[in-house]
Amino acid sequence: PPPGRPYMDKRGILERLDAGEVVIGDGGFVFALEKRGYVKAGPWTPEAAAEHPEAVRQLHREFLRAGSNVMQTFTFYASDDKLENRGNKLTFTGAQINEAACDLAREVANEGDALVAGGVSQTPSYLSCKSEKEVKATFKKQLDVFIKKNVDFLIAEYFEHVEEAVWAVEVLKETGKPVAASLCVGPEGDMHGVPPGECAVRLVKAGAQIVGVNCHFDPLTCVKTVKMMKEGVEKAGLKAHYMVQPLAYHTPDCNCQGFIDLPEFPFGLEPRILTRWDMHKYARDAYNAGIRFIGGCCGFEPYHIRAVAEELAPERGFLPAASEKHGTWGAGLEMHTKPWVRARARRDYWENLKPASGRPLCPSMSSPDGWGVTKGHADLLQQKEATTKDQLKQLFDRSKTH
């Protein structure tokens, strides 16, 4: 199929999925923008939408060009309780950040065939054991902006506990807009041990029409987890569409807490990055599992999404615009000046390559931290004040004993 963008298609997410079409998501904005110098690792908050709109707009454009059909508003962790957590001082309010993010996503979505998804994620309030009413109020504040800006659909994503995700879905459902819900869990289930199949059933019963997982694990693990969700939903006699937005990192050594337990998180993960060819396999595995909303999370750059779009081009009938600058399976290397590089212009070369890390004596796997701390544990109570030196010393001492 020729590169380019199909006609302006403003059908909604459910119409597309009901028709059996592939919807391609975007990538992990907080990680991509942190590497570019616009997001602070630690709080991971999205004030760049208001502070540096040009950076956020450009990243949206790159994902659109790579084949994304969904522009997710850059509102990850934009609830007020997160924006004001642990000494994080911002010059913009939560409402201003959320509004700016919606405007940028809509502006770029209108440049092509993309829908705008407003996203909410887990809250410090929940981790600090606040009430259902208080947690739902934090979602409602973000939701008010999404309604005002008329996003196309809503995503509750990055939830470690299905209970909080259900609360989010219940709030989002009140709008009447389509609701997707994705947990950051693996095959072992949520942080309180609820299995993936049961998690999915609860989310569907709460009103989510699309369920799945995002973040925390590599594509292989995430696809496996969504398969378990699908089995659970079908066994319960329910119906849903399925989504997957994994990490762009290999995480075979993760425990149930995912990549944040890896000692390399977040500044030493580069050796684990998936190649574009790994992404071809991911896209095919997800498609074969019956997943039709296929995107990415932390670590995903536009070229990864382009690989997903290229793998699924036969099903979709077209290539993304960015394929103008990319030969299928390395075909562009036919134009290289060096003969040994021209010899790599073939699929079997790239499909069978085992990339070296170039790091002598480095292990291929790590030992996750595994502190076993989650909601309900005193150590997870959040605070508005900055973390003190004494609090840090206790953590440093503890990490030495692990």
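The following paragraphs describe the overall architecture, the salt bridges, a covered helix and selected local features of a predicted model of a protein chain.

Because the model is predicted, local features are considered at a pLDDT of at least 70 and side-chain atom pairs at a pLDDT of 80 or more, whereas totals for chains, interfaces and linings use all residues. Residues are numbered from 1 along each chain as its sequence is written, and side-chain values rest on heavy atoms, with hydrogens and water left out.

The protein chain contains 17 helices and eight strands, where helices (H or I, at least four residues) and strands (E, at least two) are DSSP runs numbered from the N terminus. Its radius of gyration is 21 Å, close to the 21 Å that the globule rule gives for 402 residues, so the chain is as compact as a globular protein of that length; the radius is taken over C-alpha atoms, and the rule is 2.2 Å times the number of residues to the power 0.38. Taken along the principal axes, the box filled by the C-alpha atoms is roughly 60 × 55 × 45 Å. Of the 402 residues, 53% count as buried, with buried meaning under 20% relative accessible area, exposed over 50%, and partly exposed in between (1.4 Å probe, protein chains only). Among contacts (heavy atoms within 4.5 Å) with a separation of 6 or more, 79% involve residues 24 or more positions apart.

The accessible surface of the chain amounts to about 17,800 Å², and carbon and sulfur atoms contribute 54% of this area; accessible areas come from the Shrake-Rupley method with a 1.4 Å probe, and for residues only the protein chains shown count as cover. The mean positions of the 51 positive and 53 negative charges lie 3 Å apart, with Lys and Arg counted as positive, Asp and Glu as negative, and His and the chain ends not counted. For this purpose, each charge is placed at NZ of Lys, CZ of Arg, CG of Asp or CD of Glu.

The structure holds 23 salt bridges, each defined as a side-chain nitrogen of Lys or Arg within 4 Å of a carboxyl oxygen of Asp or Glu. One of them joins E132 and K136, with an N to O distance of 2.8 Å; these residues are four apart in helix α8 (residues 132-148) and are thus separated by about one helical turn. In general, an α-helix has 3.6 residues a turn, so residues three or four places apart point the same way. E132 is partly exposed, at 34% relative accessibility. A further salt bridge links R272 to E264 (3.2 Å, N to O), in which R272 is buried at a relative accessible area of 9%, while E264 is partly exposed at 21%. R284 pairs with E315, their closest N and O atoms being 2.9 Å apart; R284 lies in helix α12 (residues 276-288) and E315 in helix α14 (residues 313-316), so this pair ties together parts that are 31 residues apart in sequence. In addition, R57, R61, E107 and E111 are linked in a network of salt bridges.

Helix α13 (residues 302-311) is mostly covered, with nine of its ten residues buried. The buried residues include the charged-type side chains R306, E310 and E311, and the elements that cover them include β1 (23-24), α2 (29-36), α4 (53-66), α12, β8 (293-294) and α14.Two loop positions illustrate different surroundings. T123, in the loop between β3 (115-120) and α7 (124-127), is buried with a relative accessible area of 1%. Leaving aside residues up to four places away in sequence, T123 touches S79, D81, V135, T138, F139 and E164. G290, in the loop between α12 and β8, is partly exposed with a relative accessible area of 26%, and, counted in the manner used for T123, touches K230 and Y242.

As regards backbone geometry, most residues other than glycine have a negative phi, and most peptide bonds are trans. The peptide bond from F265 to P266 is cis, with omega near -5°, and P266 lies in the loop between β7 (241-245) and α12. C129, which is not a glycine, has a positive phi of about 65° and is placed in the loop between α7 and α8. Y158, also not a glycine, has a positive phi of about 60°; Y158 belongs to strand β4 (residues 153-159) and is buried at 8% relative accessibility.
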